[in-house]
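Reader: Could you take me through one part of this model up close? I'd like to hear about the salt bridges, please.

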Amino acid sequence: MKSLVLAEKPSVAKELARVLGCGQKQRHHFEGNQYVVTWALGHLVTLAEPEDYDNKYKSWTLEDLPLLPPKMNLKVMKETSQQFRGVAQLCKRQDIKELIIATDAGREGELVARWIMELVHWKKPFKRLWISSQTDKAIKEGFRALKPGRDYDNLYASAVCRAEADWLIGLNMTRALTVKYNAQLAAGRVQTPTLSLLMKREQEIDSFQPQPYWTVSGDLGTFQGSYRQQEGHDGRLWDKANAEAIANRLNAKSARVEKLKTTGKSEPQPLAYDLTELQRDASKRLGFSAKQTSNVLQRLYEQHKLVTYPRTDSRYLTSDMAPTLKGRLESVAVGPYAALARKALRHPLNITRRIVDDSKVTDHHAIIPTEQYVQLGALSNEERKLYDLIVKRFIALFYPVYRYDETSVVLRAGEDALYARGRVQTDLGWKEVYGSDTMSDDEDEEGETKQAEPQQLLPALRMGQKLPIKSAKAKELRTQPPPKYTESALLSIMEKHSLGTPATRADIIEKLLNTDTIERVRGRMVPTGKGKQLIELVVDELRSPELTAEWERELERIARGKGDRGRFMKGIREQAAKWVGEVKVETKEYKPHNLTHSRCPECSKPLMEVKSKRGKTLVCSDRECGYRRAAEPALSNKRCPQCRKKMEIHNGKAGKYAQCRPCNFVEKLDGERSGGGGRKNRQQQERMVQQYSDNVSLGSSLGDALKAALEQKDNK
């Protein structure tokens with residue numbers, strides 16, 4: 001009898017099969033003496049669509065809403081149905097005694113496996129592989145300590161509630177808004193409150209009225225002193241005459257040292273990464289999007305096996321990991337990390353509660369390196385950069401705290417006082433790991449730029465000492481509006497309001513970008529005209545981060561076995577019905593922000609300009625019409641021999657040709673005589689356009705390979 005192992009992806013299944021000794025490769029599985037290893041392709045099973053319940057729901061109408069099926073059905077995804085049938089056949093084999101769920105160790109991974117089990121009607125025993133890294137050692141230990149499958153029933157229940165809630169809220173509200181306002185308007189349980197937070201920041205910026213203020217500083221020769229009315233005052237003066245009067249009083253005076261204090265201070269090591277903190281750091285330091293960080297991190301985890309489980313919400317490690325930390329440090333002691341790691345290894349590791357704390361770890365511990373041998377040369381540029389962040393943060397955990405002496409001085413000049421502060425570094429500590437790459441953040445979790453005092457060295461001073469004020473100046477400044485959110489700041493604010501989970505926040509941001517409700521403008525996240533109107537049109541409660549945060553907390557309670565699944569879903573259904581009713585009676589109007597002066601050739605209504613994967617497209621503003629055409633010529637991968645810019649593809653009387661607009665250089669693409677029409681010639685022209693076009697999806701691995709080869713040839 002054999003055990004059937006279900007992995008989430010083919011690449012993971014291949015590695016599990018190798019470690020488990022399953023050397024026989026079949027179309028849908030690997031087989032060995034003890035195990036049969038198969039795989040999903042992400043989700044093989046999903047919630048049924050409205051038209052699966054009744055064909056009439058293919059047409060979107062307000063009268064059919066809300067859609068609230070009494071029981072949510074499942075269906076096999078069409079595009080991966082072959083693999084599902086392969087898995088289903090394996091489940092029916094008489095020599096299979098049990099199933100081992102080896103999908104990702106989290107809520108979504110549990111859902112992938114359980115939905116498959118539900119559709120194949122699995123009745124035999126099942127167990128759970130729960131590991132935090134993909135190394136051979138972790139896999140072997142995990143299979144020696146398999147968990148009872150039923151231990152994760154609550155996690156599965158939470159996953160089902162999350163999926164059904166997203167379907168009921170997202171589908172009903174998207175259909176209601178889209179039909180009501182005849183525009184593609186997408187709303188959702190998490191994405192809409194996130195958009196609402198961005199809009200709130202936009203409103204704060206728009207309503208902001210800058211105010212002038214003044215600061216006064218005095219030049220004391222080797223350092224600067226700043227005027228303060230008293231200790232704790234921020235130095236801002238709101239009256240110009242008062243500021244200038246203070247500057248005049250201080251000018252050419254002498255100041256006496258009234259207070260002098262030196263305090264030893266320290267900064268502890270930064271905590272290890274969870275996913276959200278790593279996405280924030282990669283955004284600030286590397287310019288990575290949250291989604292890019294997730295994708296690169298997944299490759300480091302699955303393909304290279306260099307880091308532990310990515311989708312974690314904890315920044316601490318568990319006590320059972322403490323004996324492994326020395327080995328992990330030894331494994332990363334290569335290349336630029338060799339000297340740093342070896343220095344930490346010279347002494348017994350100081351493992352404090354800042355590193356190990358069981359009470360602050362739920363399903364998975366913080367993201368740290370594995371004990372896998374590192375080949376830095378095997379990593380791509382972006383993998384290398386992200387791995388660098390993780391390794392340095394890990395090594396820094398075992399370095400001493402950063403220490404410095406801070407000296408503050410108050411200098412009295414008649415009725416006025418100047419304040420100065422300076423620091424002297426006494427122990428570089430963990431900052432040695434980062435060298436010149438400082439760890440100071442330039443913005444807080446709200447996206448506000450921190451006002452840091454200028455770093456200056458103070459000379460040796462003594463109480464009562466007099467110093468001449470060489471000059472004093474009043475400087476005019478203006479209050480600044482709160483900044484637009486960077487992606488890093490948006491992740492922080494989503495975390496603060498419990499919107500989504502570390503595993504889903506990047507996808508939520510990408511969904512908002514892909515539906516054209518927000519856009520990236522110079523590294524900042526900004527609502528589009530469509531997004532601004534959408535927030536005005538959705539019901540008030542759906543905009544509220546508080547309600548969504550309450551739902552997320554309840555989902556977490558269900559996962560812990562403390563929540564009420566039935567009551568949660570009853571509340572979701574009631575909200576969906578209530579909100580659809582509110583949309584139906586709403587009297588507001590939607591005015592597309594992207595209307596052009598062009599008219600639809602089929603119905604004469606204005607065309608809208610929308611962004612798509614193929615570039616800008618003109619789409620009829622009437623959804624029922626469906627007319628669309630490219631708004632700009634497709635770009636080819638052929639480059640102009642004069643300016644080396646990519647040329648546009650055009651269709652002329654002589655067939656397809658490439659043209660460089662700036663140089664007016666023209667080159668035929670088909671290589672045929674300019675005459676010649678006919679079906680064969682048109683097909684050949686189409687093939688050439690596909691081969692050379694950036695904006696046309698070839699839709700096959702053969703096409704992708706051909707396109708890549710042409711690009712490579714062109715670059716040469």
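Author: Sure, definition up front: a salt bridge here is a side-chain nitrogen of Lys or Arg within 4 Å of a carboxyl oxygen of Asp or Glu. By that rule, Glu277, Arg280, Asp281, Arg285, Arg315, Arg393 and Glu495 are linked in a network. Keep in mind that this is a predicted model, where local features need pLDDT of at least 70, side-chain atom pairs count only at pLDDT 80 or more, and totals for chains, interfaces and linings use all residues. Residues are numbered from 1 along each chain as its sequence is written, and side-chain values use heavy atoms, with hydrogens and water left out.

The count comes to 54 salt bridges. Take Arg311 and Asp104, whose closest N and O atoms are 2.2 Å apart. Arg311 sits in the loop between helices H10 (290-302) and H11 (325-331), and Asp104 in the loop between strand S7 (96-102) and helix H4 (107-119), so the pair ties together parts 207 residues apart in sequence. (Helices, H or I of at least four residues, and strands, E of at least two, are DSSP runs numbered from the N terminus.) Asp104 is buried at 7% relative accessible area, while Arg311 is partly exposed at 27%; buried means under 20%, exposed over 50%, partly exposed in between, with a 1.4 Å probe and protein chains only.

Helix H4 also holds Glu110, 18 residues from Arg128 in strand S8 (residues 126-128). Their side chains meet in a salt bridge at 2.7 Å, N to O, and both residues are buried.

Then there's Arg236 with Asp234, at 3.1 Å between the closest N and O atoms. Arg236 is partly exposed at 30% relative accessibility, and Asp234 is partly exposed at 46%.
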